[in-house]
Amino acid sequence: MDFTAIGKRIKVARKNAGITQEQLAERIDISTHYVYEIERGLKKLSLKTLTNIAIELQQSMDYLLWGNYPPYSEEFAAEPDPLSEIIDEIPFSERNTVAEIISTMLPHIGK
């Protein structure tokens, strides 16, 4: 298991959620230093801690562990989805606005 990659995904998800390491640590009842070590791949984390992080950051365990987005498919795993990559960079607090924009544009795409 690549704990460095897991840590990087956790860090990106945390930043997208707009919370600090301190806030995440407080919300899931671990130390700030432990969050720091997890995000850098320096410490392994328990299933309970990983589950708490996934719930708090509203991310799937599959994504945090392996980088997969549901639904999993060999084709999807082999080629990154450009829209998902863009969305990953949008702070969680701004995603509703982006969803509204996309919903408005979808009927006009491809016509």
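**View 1. N16 sits in helix α1 of this predicted model.** N16 counts as buried, because its relative accessibility is 11% and buried means under 20%. Which residues does N16 touch, leaving out those up to four places away in sequence? The answer is D88, E89, I90, P91, F92, S93 and R95. One of these contacts, S93, is 77 residues from N16 in sequence. In space, the C-alpha atoms of S93 and N16 are 8.0 Å apart. I87 can be compared with N16 in the same way: 71 residues separate the two in sequence, and 9.4 Å separates their C-alpha atoms.

**View 2. S93 lies in the loop between α7 and α8.** Helix α7 spans residues 82-88, and helix α8 spans residues 95-105. Is S93 buried or exposed? S93 is exposed, with a relative accessible area of 66%. N16, by contrast, counts as buried. The two residues are nonetheless in contact.

**View 3. The whole chain is built with eight helices and zero strands.** Along the sequence, the pattern reads α-α-α-α-α-α-α-α. The chain has 111 residues, and 28% of them count as buried. Consider the contacts with a separation of 6 or more: residues 24 or more positions apart account for 53% of them. The contact of N16 with S93 joins residues 77 apart in sequence.

**View 4. The largest nonpolar core holds 19 residues.** In soluble globular proteins, nonpolar side chains tend to be buried together. Which members of this core touch the most other members? They are I10, I30, I38, L45, I53, L57 and L64. Five elements each give two or more residues to the core: α1 (3-16), α2, α3 (32-39), α4 and α5 (61-66). L64 is worth a closer look. Leaving aside neighbours within four places in sequence, L64 is in contact with I6, R9, I10, L50, I53, A54 and Q59. Among these partners, I10 and I53 belong, like L64, to the core residues that touch the most other members.

**View 5. Helix α4 has a buried side.** Its buried residues are T49, L50, I53, A54 and L57. Why do they count as one side of the helix? They cover an arc of only 135° around the axis, so they fall on the same side of α4. What covers these buried residues includes α1, α2, α3 and α5. The face turned away from the buried side carries the exposed residues L47, K48 and I55. I53 and L57, both buried in α4, are also among the core residues that touch the most other members.

**View 6. Helix α2 packs against helix α4 at an angle of about 115°.** Helix α2 covers residues 21-28, and helix α4 covers residues 47-57. Their axes are 10 Å apart. The crossing of α2 past α4 is right-handed. Which residues meet here? From α2 come L24, R27 and I28. From α4 come N52, I53, E56 and L57. By type, the residues of this contact divide into four nonpolar, one polar and two charged.

**View 7. D29 has a positive phi in the loop between α2 and α3.** The phi of D29 is about 60°, although D29 is not a glycine. D29 is exposed, with a relative accessible area of 71%.

**View 8. Q58 follows helix α4 with a positive phi.** Where does Q58 lie? Q58 is in the loop between α4 and α5. The phi of Q58 is about 55°, although Q58 is not a glycine. Q58 is exposed, with a relative accessible area of 52%.

**View 9. Q59 is also in the loop between α4 and α5.** Q59 is partly exposed, with a relative accessible area of 22%. Beyond its neighbours within four places in sequence, Q59 is in contact with A13, A54 and L64. R9 is 50 residues from Q59 along the chain, and their C-alpha atoms are separated by 9.8 Å. L64 is in contact with both Q59 and R9. A54, another partner of Q59, is one of the buried residues of α4.

Note on methods. Residues are numbered from 1 along each chain as its sequence is written. This is a predicted model: local features need pLDDT of at least 70, side-chain atom pairs count only at pLDDT 80 or more; totals for chains, interfaces and linings use all residues. Side-chain values use heavy atoms; hydrogens and water are left out. Axes are lines fitted to C-alpha atoms, for helices over the stretch in contact, and angles run from 0 to 180 degrees between N-to-C directions. Helices (H or I, at least four residues) and strands (E, at least two) are DSSP runs, numbered from the N terminus. A crossing is left-handed if the near helix is turned anticlockwise from the far one by less than a right angle, and right-handed if clockwise. Contact means heavy atoms within 4.5 Å. Ala, Val, Leu, Ile, Met, Phe, Trp, Tyr, Cys and Pro count as nonpolar, Asp, Glu, Lys and Arg as charged, and the others, Gly among them, as polar. A nonpolar core is a set of buried Ala, Val, Leu, Ile, Met, Phe, Trp, Tyr and Cys residues joined through side-chain atoms within 4.5 Å. Buried means under 20% relative accessible area, exposed over 50%, partly exposed in between (1.4 Å probe, protein chains only). The arc is that of the directions from the helix axis to the C-beta atoms.
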